[in-house]
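Visitor: Please choose one part of this model and take me up close. I would like short steps, and then a look at what surrounds that part.

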Amino acid sequence: MKDKDLPYGTEREKLVIRGGAPLNGVLTAQGAKNAALPIMAASLLLKGKRLTIDRVPDLHDIHTMADLLSHLGVKVEFRDHRMTLDVPEEIGWETPPSLVRKMRASSLVLGPLIARCGRAVLPLPGGCAIGSRPIDFHIRGLSKMGTNFELVQGAFHGRSSGLKPARIYFDFPSVGATENLMMAASLVEGETILENAAREPEVVNLAHALRAMGVFIEGEGSGTIRIKGARELGDARVSVIPDRIEASTYLLAGVITKGKVTVRDVVPEHIDSLCSKLEEAGVEIEVRDDAVTVYPSQYRSVSLKTLPYPGFPTDLQPQMMATMCLANGTSVIHESVFESRFLHVSEFKRMGARIDLQGNTAIVAGVNKLFGAEVHATDLRAGAALVLMGLAAEDETVVCDLEHIWRGYEGIVEKLRALGGKVIVTKED
Ligand code: UD1
């Protein structure tokens, strides 16, 4: 699959937003990118079998993972949000630097490849805009299961003559490390126990997929996950959960523009931390079985700290900070998951935000108005936050470096327009 098949995608595009009007309407959440990616990687555990995944969002990161799996020999078909992955008896185990550098989630193939092929080569994922993001927990866990790693010319070379079950404790409940180890343990007979595991809904979704393939797995969604693998796994079909970060971003678009926005097909429990914070801020909010509505409200500042699930998600911190820029009062936002996830602050300030940074804490003094400016998306969620700022600002905002936004928000322009947002994509001369 190539970029030309995608609706947007050149680095020279800009998003022009004429802000200041409330957004109103009803949207449906896309499937969760961060759930689809590990489930796609899990296909590598199969041998001569097929994995079918429903509700896969059509996003750049999904295409990058599809390219990576194709490179390893998997036959990938993707149409109308349904993906089928046919995995041959023999697959490759060497991942190309060009794809791994494009997306850090490429490291999710490490566990499945070691389990399936007894070896893997993964170029060292570099640093990125939100911090150094090492993969030492992944490496340590796989080593404990019986993999020897060497770092050769900037790539991890892993070899194992047969993984064995292990008890693995994570120093921090890393989402990616939990997923990688769950997948590795899926082809290992005997019980592997993951302690201080990540509890994110995306981890639970992966557990459902592995169970559908024939793995015995329990405890997903808690801090202790037990996995009893099998030598051979079978055909499986699984559906991706709704994207809690995308859904939350559109709800915040309603809040920041003081409109009425409903997002359907969400799991309200997955966005509980956001809903609680919005209620605390005085936003009128209605939660039904699978839909959440925010109503036009004057809201006040609230303080928060990002934490692993069920805490407030770091992936929503920039969008919530954008919302707090226009709140009544002062908000203290502490980022505790990533070391440098405040690059958006300097862009926010161009638009009239008043933010004081002290290490990993941002003190946001609410202002009455934001002003349009030309701003740069420094990463995916920072880009989404700048779009929110632009929708609320008085005049025209131009958001550059859109390739970050296309990584995570399918049809964002159409969705915002459907809510009455005045947004267009322009190409540079
Ligand atoms: C996933 C999400 C990302 C989200 C993050 C935290 C995907 C594809 N991406 O990223 O959008 O922001 O969870 O919710 O699902 N760490 C280490 N060593 C490791 C692994 C992690 O020190 O081996 C640290 C990281 O640097 C970071 C923290 O642990 O400070 C959390 O990272 P982790 O949960 O692993 O995030 P990802 O899985 O990379």
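Guide: Start with the labels. Helices and strands are DSSP runs: a helix (H or I) has at least four residues, a strand (E) at least two, and both are numbered from the N terminus. With that, we can place a loop. Keep in mind that this is a predicted model.

Pro310 sits in the loop between β17 (304-305) and α10 (317-324). Look at the bond just before Pro310. Tyr309 and Pro310 are joined by a cis peptide bond, with omega at about 10°. Now find another loop, between α8 (244-257) and β14 (261-264), where Lys258 lies. Lys258 is not a glycine, yet its phi is positive, near 60°.

Next comes the part I choose for our close look: the ligand site. The ligand has 17 residues around it. Asp136, Phe137, Ser174, Asp315 and Val337 are the closest. Sort the shell by type and you get 8 nonpolar, 5 polar and 4 charged residues. Two helices deserve a look here. α5 (136-144) and α6 (175-185) each give at least two residues to the shell. α5 gives the most, with 3 residues. The shell also draws on two domains. Domain 1 (3-29 + 242-427) and domain 2 (33-239) each provide at least three of its residues.

Zoom in on the polar atoms. A polar side-chain atom of Asp136 is 2.6 Å from a nitrogen atom of the ligand. At Val175, it is a polar backbone atom that lies 2.8 Å from a ligand oxygen atom. Gly176 also uses its backbone: an N or O atom there is 2.8 Å from an oxygen atom of the ligand. On its own, the ligand has 730 Å² of accessible area, and the protein covers 83% of that.

Now step back to the sheets. Strands of a sheet pair through backbone hydrogen bonds, either parallel or antiparallel. One open sheet has 4 strands in the order β4-β5-β3-β13, with mixed pairing. Its edge strands, β4 (75-79) and β13, each pair on one side only. On average, neighbouring strands of this sheet are turned by 15° against each other, direction ignored.

Follow β3 (49-54) in that sheet. β3 pairs with β5 (82-87) in the antiparallel sense, over 5 bridges. Thr52 has Thr84 as its bridge partner in β5. β3 also pairs with β13 (236-239), but in the parallel sense, over 4 bridges. There Leu51 stands opposite Ala236, and Ile53 stands opposite Val238.

A further open sheet has 3 strands, in the order β6-β8-β7, and its pairing is antiparallel. The edges are β6 (119-123) and β7 (148-152), each pairing on one side only. Neighbouring strands here are turned by 20° against each other on average, direction ignored. Take β7 and β8 (155-159) as an example: they pair in the antiparallel sense over 5 bridges. Val152 stands opposite Ala155 of β8.

Conventions: Residues are numbered from 1 along each chain as its sequence is written. This is a predicted model: local features need pLDDT of at least 70, side-chain atom pairs count only at pLDDT 80 or more; totals for chains, interfaces and linings use all residues. Side-chain values use heavy atoms; hydrogens and water are left out. Two strands pair if DSSP finds at least two bridges between them. A residue is near a molecule or strand if one of its heavy atoms lies within 4 Å of it. A polar contact is a pair of N or O atoms within 3.5 Å; within protein, one must be able to donate a hydrogen and the other to accept it, and residues adjacent in sequence count only if both atoms are side-chain atoms. Accessible areas come from the Shrake-Rupley method with a 1.4 Å probe; for residues, only the protein chains shown count as cover. Ala, Val, Leu, Ile, Met, Phe, Trp, Tyr, Cys and Pro count as nonpolar, Asp, Glu, Lys and Arg as charged, and the others, Gly among them, as polar. Domain bounds come from an automatic or database domain assignment. Axes are lines fitted to C-alpha atoms, for helices over the stretch in contact, and angles run from 0 to 180 degrees between N-to-C directions.
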